[in-house]
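Thanks for coming. I have one structure to go through today, so please have a look at it on the screen before I start.

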Amino acid sequence: MTRRRSLGAGALLVALLAAASPAGANPSETAAVNRDRASSGLRALADDGGLNRISLDHTRDMVSQNRLFHTADLGGAVSSVHPDWIRIGENVGVGSSFAAVQQAFMNSSTHRANVLGDYQLVGTATVTGPDGRVWVTETFAKLAGATGKAGPSSPAATTREPATRVVAASPTPNGRGYWLTASDGGVFSFGNAPFLGSVGGQRLAAPITGATATPDGGGYWLVASDGGVFSFGNAPFRGSLGGQPLAAPITTVVTTPDGQGYWMAARDGGVFTFGSAPFLGSLGGQRLAAPITAAMATPDGGGYWLVASDGGVFSFGDAPFAGSLGGQRLAAPVTSGAADPDGQGYWLAAADGGVFSFGGAAYAGGKAGS
(Lines give C-alpha, C1' and ligand atoms only; values in the text may rest on other atoms or scores of the structure.)
Protein backbone atom coordinates (compact mmCIF):
# COMPACT_ATOMS: atom_id res chain seq x y z
CA MET A 1 0.00 0.00 0.00
CA THR A 2 1.54 3.31 -1.02
CA ARG A 3 1.98 5.77 1.81
CA ARG A 4 0.16 9.04 1.20
CA ARG A 5 -0.71 12.13 3.15
CA SER A 6 -4.23 13.44 3.07
CA LEU A 7 -6.11 16.22 4.74
CA GLY A 8 -9.79 16.51 5.59
CA ALA A 9 -11.52 19.78 6.39
CA GLY A 10 -14.93 21.30 6.87
CA ALA A 11 -16.20 24.72 7.92
CA LEU A 12 -19.61 25.08 9.49
CA LEU A 13 -21.75 27.99 10.68
CA VAL A 14 -24.23 26.82 13.31
CA ALA A 15 -27.44 28.74 13.98
CA LEU A 16 -27.60 30.28 17.44
CA LEU A 17 -29.52 28.19 19.94
CA ALA A 18 -31.37 29.30 23.03
CA ALA A 19 -28.93 27.80 25.51
CA ALA A 20 -25.47 29.28 25.73
CA SER A 21 -22.31 28.28 27.59
CA PRO A 22 -19.14 30.33 28.02
CA ALA A 23 -15.91 29.11 26.44
CA GLY A 24 -13.94 26.98 28.84
CA ALA A 25 -17.02 25.82 30.76
CA ASN A 26 -16.78 22.45 29.04
CA PRO A 27 -13.31 20.99 29.66
CA SER A 28 -14.13 17.67 27.96
CA GLU A 29 -14.29 18.52 24.24
CA THR A 30 -12.05 15.56 23.46
CA ALA A 31 -14.31 13.32 25.53
CA ALA A 32 -17.28 14.50 23.45
CA VAL A 33 -15.44 13.64 20.22
CA ASN A 34 -14.59 10.21 21.62
CA ARG A 35 -18.18 9.58 22.70
CA ASP A 36 -19.26 10.16 19.10
CA ARG A 37 -16.55 7.77 17.92
CA ALA A 38 -17.48 5.14 20.53
CA SER A 39 -21.09 5.20 19.36
CA SER A 40 -19.78 4.07 15.95
CA GLY A 41 -17.52 1.39 17.42
CA LEU A 42 -14.30 3.34 16.91
CA ARG A 43 -11.28 3.65 19.17
CA ALA A 44 -10.75 6.83 21.16
CA LEU A 45 -8.39 9.55 20.00
CA ALA A 46 -5.62 10.73 22.30
CA ASP A 47 -5.79 14.35 23.44
CA ASP A 48 -2.64 16.02 22.09
CA GLY A 49 -1.11 19.17 23.58
CA GLY A 50 0.51 20.29 20.34
CA LEU A 51 -2.72 19.98 18.39
CA ASN A 52 -4.55 21.77 21.21
CA ARG A 53 -2.19 24.74 20.80
CA ILE A 54 -2.70 24.77 17.03
CA SER A 55 -6.47 24.67 17.52
CA LEU A 56 -6.39 27.45 20.12
CA ASP A 57 -4.24 29.76 17.98
CA HIS A 58 -6.56 29.27 14.99
CA THR A 59 -9.72 29.74 17.05
CA ARG A 60 -8.40 33.01 18.43
CA ASP A 61 -7.62 34.15 14.88
CA MET A 62 -11.22 33.40 13.79
CA VAL A 63 -12.64 35.32 16.75
CA SER A 64 -10.38 38.32 16.07
CA GLN A 65 -11.51 38.39 12.41
CA ASN A 66 -15.13 37.44 13.22
CA ARG A 67 -15.29 34.87 10.41
CA LEU A 68 -14.88 31.14 9.82
CA PHE A 69 -11.88 29.97 7.82
CA HIS A 70 -9.45 27.07 7.75
CA THR A 71 -5.80 27.13 8.79
CA ALA A 72 -3.95 28.39 5.70
CA ASP A 73 -1.17 25.79 6.00
CA LEU A 74 -2.51 23.08 8.25
CA GLY A 75 0.17 20.68 7.05
CA GLY A 76 2.92 23.06 8.08
CA ALA A 77 1.28 23.79 11.42
CA VAL A 78 0.92 20.10 12.29
CA SER A 79 4.45 19.38 11.05
CA SER A 80 5.75 21.82 13.67
CA VAL A 81 4.65 19.36 16.36
CA HIS A 82 4.31 16.07 14.44
CA PRO A 83 6.54 16.02 11.33
CA ASP A 84 5.70 12.34 10.78
CA TRP A 85 1.97 12.88 10.11
CA ILE A 86 0.39 10.99 7.23
CA ARG A 87 -3.20 12.18 7.54
CA ILE A 88 -4.70 15.34 9.05
CA GLY A 89 -8.08 17.05 9.21
CA GLU A 90 -9.74 20.15 10.62
CA ASN A 91 -13.29 21.10 11.61
CA VAL A 92 -14.21 24.69 12.41
CA GLY A 93 -17.58 26.04 13.54
CA VAL A 94 -19.36 28.69 15.58
CA GLY A 95 -22.57 28.52 17.61
CA SER A 96 -24.13 29.02 21.00
CA SER A 97 -22.09 26.29 22.73
CA PHE A 98 -19.52 23.60 22.06
CA ALA A 99 -22.24 20.96 22.35
CA ALA A 100 -24.31 22.70 19.69
CA VAL A 101 -21.36 22.94 17.31
CA GLN A 102 -20.35 19.32 17.90
CA GLN A 103 -23.88 18.12 17.17
CA ALA A 104 -23.87 20.16 13.96
CA PHE A 105 -20.56 18.56 13.02
CA MET A 106 -22.14 15.12 13.43
CA ASN A 107 -25.11 16.18 11.30
CA SER A 108 -22.79 17.18 8.43
CA SER A 109 -21.32 14.39 6.28
CA THR A 110 -17.93 16.07 5.74
CA HIS A 111 -17.45 17.09 9.37
CA ARG A 112 -18.69 13.71 10.60
CA ALA A 113 -16.10 12.05 8.32
CA ASN A 114 -13.37 13.89 10.23
CA VAL A 115 -14.76 13.05 13.68
CA LEU A 116 -15.06 9.37 12.68
CA GLY A 117 -11.96 9.33 10.48
CA ASP A 118 -8.85 7.18 10.60
CA TYR A 119 -6.91 9.33 13.05
CA GLN A 120 -4.86 8.81 16.20
CA LEU A 121 -4.71 12.24 17.87
CA VAL A 122 -7.04 15.19 18.34
CA GLY A 123 -6.67 18.74 19.61
CA THR A 124 -9.66 20.97 20.39
CA ALA A 125 -10.24 24.57 21.42
CA THR A 126 -13.25 26.78 22.16
CA VAL A 127 -13.19 30.55 22.52
CA THR A 128 -16.17 32.80 23.30
CA GLY A 129 -16.38 35.89 21.11
CA PRO A 130 -17.52 39.37 22.21
CA ASP A 131 -21.11 38.57 21.16
CA GLY A 132 -21.22 35.40 23.26
CA ARG A 133 -20.92 32.96 20.39
CA VAL A 134 -18.60 30.00 20.89
CA TRP A 135 -15.98 29.36 18.19
CA VAL A 136 -14.58 25.84 17.85
CA THR A 137 -11.59 24.25 16.12
CA GLU A 138 -10.89 20.51 16.05
CA THR A 139 -7.57 19.31 14.60
CA PHE A 140 -7.06 15.61 13.82
CA ALA A 141 -3.87 13.71 12.99
CA LYS A 142 -2.63 10.23 12.23
CA LEU A 143 1.10 9.57 12.50
CA ALA A 144 3.31 7.22 10.53
CA GLY A 145 2.92 3.66 11.76
CA ALA A 146 -0.37 4.33 13.53
CA THR A 147 -3.19 1.86 13.00
CA GLY A 148 -6.83 1.89 13.85
CA LYS A 149 -10.28 1.15 12.55
CA ALA A 150 -11.45 3.90 10.24
CA GLY A 151 -15.00 5.18 10.30
CA PRO A 152 -17.26 6.27 7.44
CA SER A 153 -15.54 8.78 5.19
CA SER A 154 -16.06 10.81 2.08
CA PRO A 155 -12.60 11.20 0.49
CA ALA A 156 -13.83 13.40 -2.33
CA ALA A 157 -15.24 15.84 0.18
CA THR A 158 -12.45 15.75 2.75
CA THR A 159 -9.21 15.62 0.75
CA ARG A 160 -7.88 19.04 -0.08
CA GLU A 161 -4.15 18.67 -0.74
CA PRO A 162 -1.83 16.42 -2.81
CA ALA A 163 -0.92 12.98 -1.52
CA THR A 164 2.58 14.27 -0.73
CA ARG A 165 4.16 17.61 0.04
CA VAL A 166 7.58 19.18 -0.40
CA VAL A 167 9.72 18.77 2.73
CA ALA A 168 13.10 20.08 1.56
CA ALA A 169 14.72 22.32 -1.06
CA SER A 170 18.44 22.09 -1.90
CA PRO A 171 20.28 24.50 -4.26
CA THR A 172 23.13 23.60 -6.60
CA PRO A 173 26.55 25.13 -5.79
CA ASN A 174 26.34 27.78 -8.53
CA GLY A 175 22.79 28.73 -7.61
CA ARG A 176 21.42 27.92 -11.07
CA GLY A 177 19.28 24.99 -10.06
CA TYR A 178 17.69 23.15 -7.18
CA TRP A 179 16.10 19.93 -6.05
CA LEU A 180 12.75 19.63 -4.29
CA THR A 181 12.13 16.53 -2.18
CA ALA A 182 8.67 15.23 -1.27
CA SER A 183 7.55 13.32 1.80
CA ASP A 184 7.15 10.11 -0.24
CA GLY A 185 10.79 10.29 -1.36
CA GLY A 186 10.14 11.76 -4.79
CA VAL A 187 12.88 14.10 -6.04
CA PHE A 188 12.30 16.85 -8.60
CA SER A 189 15.22 18.65 -10.27
CA PHE A 190 15.21 22.11 -11.83
CA GLY A 191 17.75 24.19 -13.76
CA ASN A 192 21.18 22.57 -13.79
CA ALA A 193 20.36 20.26 -10.86
CA PRO A 194 20.83 16.66 -12.09
CA PHE A 195 18.28 14.00 -11.26
CA LEU A 196 20.23 11.21 -9.56
CA GLY A 197 17.46 8.98 -8.26
CA SER A 198 14.71 8.88 -5.65
CA VAL A 199 12.64 6.52 -3.51
CA GLY A 200 9.35 7.76 -4.89
CA GLY A 201 6.92 4.90 -5.44
CA GLN A 202 8.70 2.66 -2.94
CA ARG A 203 7.09 1.59 0.30
CA LEU A 204 8.89 3.40 3.10
CA ALA A 205 8.99 2.55 6.78
CA ALA A 206 8.65 6.27 7.57
CA PRO A 207 8.10 9.47 5.58
CA ILE A 208 11.00 11.54 4.25
CA THR A 209 11.48 14.67 6.36
CA GLY A 210 14.74 16.16 5.07
CA ALA A 211 17.30 16.25 2.27
CA THR A 212 20.72 17.79 1.66
CA ALA A 213 23.06 17.92 -1.33
CA THR A 214 26.81 17.34 -1.52
CA PRO A 215 28.87 20.54 -1.75
CA ASP A 216 29.79 19.87 -5.40
CA GLY A 217 26.17 19.15 -6.37
CA GLY A 218 26.97 15.66 -7.57
CA GLY A 219 24.77 13.84 -5.10
CA TYR A 220 22.25 14.10 -2.32
CA TRP A 221 20.90 12.32 0.71
CA LEU A 222 17.30 11.84 1.79
CA VAL A 223 16.51 11.20 5.46
CA ALA A 224 13.32 9.72 6.92
CA SER A 225 11.68 10.48 10.26
CA ASP A 226 12.98 7.15 11.62
CA GLY A 227 16.56 8.13 10.75
CA GLY A 228 16.80 6.04 7.61
CA VAL A 229 19.22 7.48 5.01
CA PHE A 230 19.12 7.11 1.23
CA SER A 231 22.14 8.30 -0.80
CA PHE A 232 22.30 9.12 -4.51
CA GLY A 233 25.01 10.18 -6.95
CA ASN A 234 28.37 10.75 -5.28
CA ALA A 235 26.81 11.22 -1.83
CA PRO A 236 28.49 8.60 0.37
CA PHE A 237 26.40 6.53 2.76
CA ARG A 238 27.90 7.09 6.22
CA GLY A 239 25.32 5.34 8.35
CA SER A 240 21.77 5.77 9.57
CA LEU A 241 19.46 5.35 12.54
CA GLY A 242 16.99 3.14 10.72
CA GLY A 243 15.64 0.40 12.98
CA GLN A 244 16.87 2.04 16.18
CA PRO A 245 14.36 3.29 18.78
CA LEU A 246 14.38 7.10 18.83
CA ALA A 247 13.13 9.45 21.52
CA ALA A 248 11.79 11.75 18.79
CA PRO A 249 11.53 11.65 14.99
CA ILE A 250 14.26 13.06 12.78
CA THR A 251 13.21 16.35 11.18
CA THR A 252 16.25 17.57 9.23
CA VAL A 253 19.69 16.71 7.87
CA VAL A 254 22.66 18.89 6.84
CA THR A 255 25.92 17.94 5.15
CA THR A 256 29.48 18.72 6.18
CA PRO A 257 31.52 21.12 4.01
CA ASP A 258 33.72 18.27 2.74
CA GLY A 259 30.68 16.18 1.74
CA GLN A 260 31.96 13.21 3.71
CA GLY A 261 29.45 13.28 6.54
CA TYR A 262 26.18 14.67 7.82
CA TRP A 263 24.33 15.70 10.93
CA MET A 264 20.74 14.68 11.67
CA ALA A 265 18.59 16.61 14.11
CA ALA A 266 15.49 15.27 15.85
CA ARG A 267 12.35 17.09 16.88
CA ASP A 268 13.52 17.14 20.52
CA GLY A 269 16.89 18.71 19.59
CA GLY A 270 18.89 15.51 19.64
CA VAL A 271 21.85 15.57 17.20
CA PHE A 272 23.35 12.50 15.52
CA THR A 273 26.64 12.61 13.61
CA PHE A 274 27.93 10.45 10.77
CA GLY A 275 31.18 10.38 8.79
CA SER A 276 33.22 13.58 9.16
CA ALA A 277 30.50 15.45 11.06
CA PRO A 278 31.71 16.36 14.57
CA PHE A 279 29.40 16.24 17.56
CA LEU A 280 29.34 19.72 19.09
CA GLY A 281 26.36 19.50 21.41
CA SER A 282 22.60 19.02 21.33
CA LEU A 283 19.35 19.86 23.09
CA GLY A 284 18.36 16.26 23.66
CA GLY A 285 16.74 15.77 27.05
CA GLN A 286 15.98 19.47 27.50
CA ARG A 287 12.44 20.80 27.61
CA LEU A 288 11.83 22.93 24.51
CA ALA A 289 9.14 25.52 23.92
CA ALA A 290 8.77 24.26 20.34
CA PRO A 291 10.13 21.35 18.27
CA ILE A 292 13.29 21.57 16.16
CA THR A 293 12.45 21.86 12.46
CA ALA A 294 15.73 22.92 10.79
CA ALA A 295 19.51 22.83 11.13
CA MET A 296 22.34 24.79 9.49
CA ALA A 297 26.10 24.28 9.47
CA THR A 298 28.88 26.88 9.41
CA PRO A 299 31.01 27.03 6.23
CA ASP A 300 34.02 25.47 7.97
CA GLY A 301 31.97 22.66 9.56
CA GLY A 302 33.05 23.72 13.03
CA GLY A 303 29.57 24.57 14.23
CA TYR A 304 25.86 24.34 13.62
CA TRP A 305 22.58 25.95 14.54
CA LEU A 306 19.33 24.22 15.45
CA VAL A 307 16.12 26.11 14.67
CA ALA A 308 12.74 25.56 16.36
CA SER A 309 9.31 26.06 14.83
CA ASP A 310 8.78 29.17 17.00
CA GLY A 311 11.93 30.75 15.53
CA GLY A 312 14.18 29.93 18.46
CA VAL A 313 17.85 29.48 17.46
CA PHE A 314 20.45 27.42 19.32
CA SER A 315 24.15 27.63 18.38
CA PHE A 316 26.92 25.09 18.89
CA GLY A 317 30.67 25.04 18.14
CA ASP A 318 31.84 28.12 16.24
CA ALA A 319 28.32 28.97 15.06
CA PRO A 320 27.62 32.52 16.32
CA PHE A 321 24.25 33.39 17.79
CA ALA A 322 22.95 36.33 15.74
CA GLY A 323 19.38 36.53 17.03
CA SER A 324 16.12 34.61 16.97
CA LEU A 325 12.34 34.90 16.92
CA GLY A 326 11.84 32.98 20.14
CA GLY A 327 9.06 34.47 22.25
CA GLN A 328 7.50 36.38 19.37
CA ARG A 329 4.08 35.45 18.02
CA LEU A 330 4.42 34.24 14.44
CA ALA A 331 1.77 33.97 11.75
CA ALA A 332 3.17 30.57 10.73
CA PRO A 333 5.80 28.16 12.09
CA VAL A 334 9.42 28.37 11.00
CA THR A 335 10.24 25.38 8.80
CA SER A 336 13.72 26.02 7.37
CA GLY A 337 16.89 28.07 7.64
CA ALA A 338 20.09 28.82 5.74
CA ALA A 339 23.44 30.25 6.80
CA ASP A 340 24.99 33.13 4.87
CA PRO A 341 28.28 32.38 3.01
CA ASP A 342 30.58 33.76 5.69
CA GLY A 343 28.78 32.00 8.52
CA GLN A 344 28.12 35.21 10.45
CA GLY A 345 24.37 35.29 9.92
CA TYR A 346 21.37 33.30 8.74
CA TRP A 347 17.90 33.44 7.30
CA LEU A 348 14.83 31.72 8.77
CA ALA A 349 11.80 30.93 6.60
CA ALA A 350 8.25 30.28 7.81
CA ALA A 351 5.55 28.07 6.33
CA ASP A 352 3.68 31.10 4.99
CA GLY A 353 6.74 32.35 3.05
CA GLY A 354 7.86 34.85 5.66
CA VAL A 355 11.64 35.41 5.75
CA PHE A 356 13.64 36.72 8.72
CA SER A 357 17.31 37.73 8.48
CA PHE A 358 19.94 37.91 11.24
CA GLY A 359 23.57 38.95 11.47
CA GLY A 360 25.22 39.41 8.09
CA ALA A 361 22.35 37.83 6.18
CA ALA A 362 20.73 40.49 3.99
CA TYR A 363 16.96 40.64 3.78
CA ALA A 364 15.81 40.39 0.13
CA GLY A 365 12.07 39.89 0.57
CA GLY A 366 9.58 37.16 1.39
CA LYS A 367 6.16 35.82 0.42
CA ALA A 368 4.24 36.23 3.69
CA GLY A 369 0.78 37.62 3.09
CA SER A 370 1.01 37.34 -0.70
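I will take the sheets, then a few buried and exposed places, then the salt bridges.

Some ground rules. This is a predicted model, in which local features need pLDDT of at least 70 and side-chain atom pairs count only at pLDDT 80 or more, while totals for chains, interfaces and linings use all residues. Residues are numbered from 1 along each chain as its sequence is written, and side-chain values use heavy atoms, with hydrogens and water left out.

Two terms come up throughout. Helices (H or I, at least four residues) and strands (E, at least two) are DSSP runs, numbered from the N terminus. Two strands count as paired if DSSP finds at least two bridges between them.

I start with an open sheet of 3 strands, in the order β9-β10-β11, with antiparallel pairing. Its edge strands are β9, residues 208-213, and β11, residues 229-233, each pairing on one side only. Neighbouring strands here are turned by 15° against each other on average, direction ignored. For that angle, axes are lines fitted to C-alpha atoms, for helices over the stretch in contact, and angles run from 0 to 180 degrees between N-to-C directions.

Going through the pairs, β9 and β10 run antiparallel and are joined by 5 bridges. One bridge partner pair is Ala211 with Leu222 in β10. These two strands form a hairpin with 5 residues between them, and Gly217 in the turn has a positive phi of about 75°. On the other side, β10, residues 219-224, pairs with β11 in the antiparallel sense, over 5 bridges. There, Leu222 has Phe230 of β11 as its bridge partner, and Trp221 has Ser231. β10 and β11 also make a hairpin, this one with 4 residues between the strands; Gly227 in its turn has a positive phi of about 90°.

How many of the residues of β10 are buried? The count is 6 of the 6, so β10 is largely enclosed by the rest of the structure. Buried here means under 20% relative accessible area, exposed means over 50%, and partly exposed is in between (1.4 Å probe, protein chains only). Both faces of the strand are covered: Gly219, Trp221 and Val223 are buried on one side, and Tyr220, Leu222 and Ala224 on the other.

Next, another sheet. β15, β16 and β17 form an open sheet of 3 strands in that order, with antiparallel pairing. β15 (292-297) and β17 (313-317) stand at the edges with a single partner strand each, so one side of each has no neighbour in the sheet. The average turn between neighbouring strands is 20° in this sheet, direction ignored. β16, residues 303-308, is joined to β17 by 5 bridges and runs antiparallel to it. Val307 stands opposite Val313 in β17.

Now helix α4, residues 98-107. Of its 10 residues 7 are buried, so the helix is largely enclosed by the rest of the structure. Among the buried ones are Phe98, Val101, Phe105 and Met106.

Val94, in strand β3 (residues 85-95), is buried as well, with a relative accessible area of 1%. Its C-alpha atom is separated by 9.5 Å from that of Val63, 31 residues apart along the chain.

Last, the salt bridges. A salt bridge is a side-chain nitrogen of Lys or Arg within 4 Å of a carboxyl oxygen of Asp or Glu. The structure holds 3 of them.

One salt bridge joins the side chains of Arg329 and Asp61, at 3.5 Å from N to O. This pair links distant parts of the chain, 268 residues apart: Arg329 is in the loop between β17 and β18 (334-339), and Asp61 is in helix α2, residues 49-65. Arg329 is exposed at 60% relative accessible area, whereas Asp61 is partly exposed at 29%.

Lys142 forms a salt bridge with Asp118, with the closest N and O atoms 2.8 Å apart. Lys142 lies in strand β5 (residues 134-143) and Asp118 in the loop between α5 (109-115) and β4 (121-128), so the pair ties together parts 24 residues apart in sequence. Lys142 is buried at 11% relative accessibility, and Asp118 is buried at 18%.

Asp131 and Arg133 also form a salt bridge, the closest N and O atoms being 2.8 Å apart. Asp131 is partly exposed at 49%, while Arg133 is buried at 17%.

That is the end of my part.
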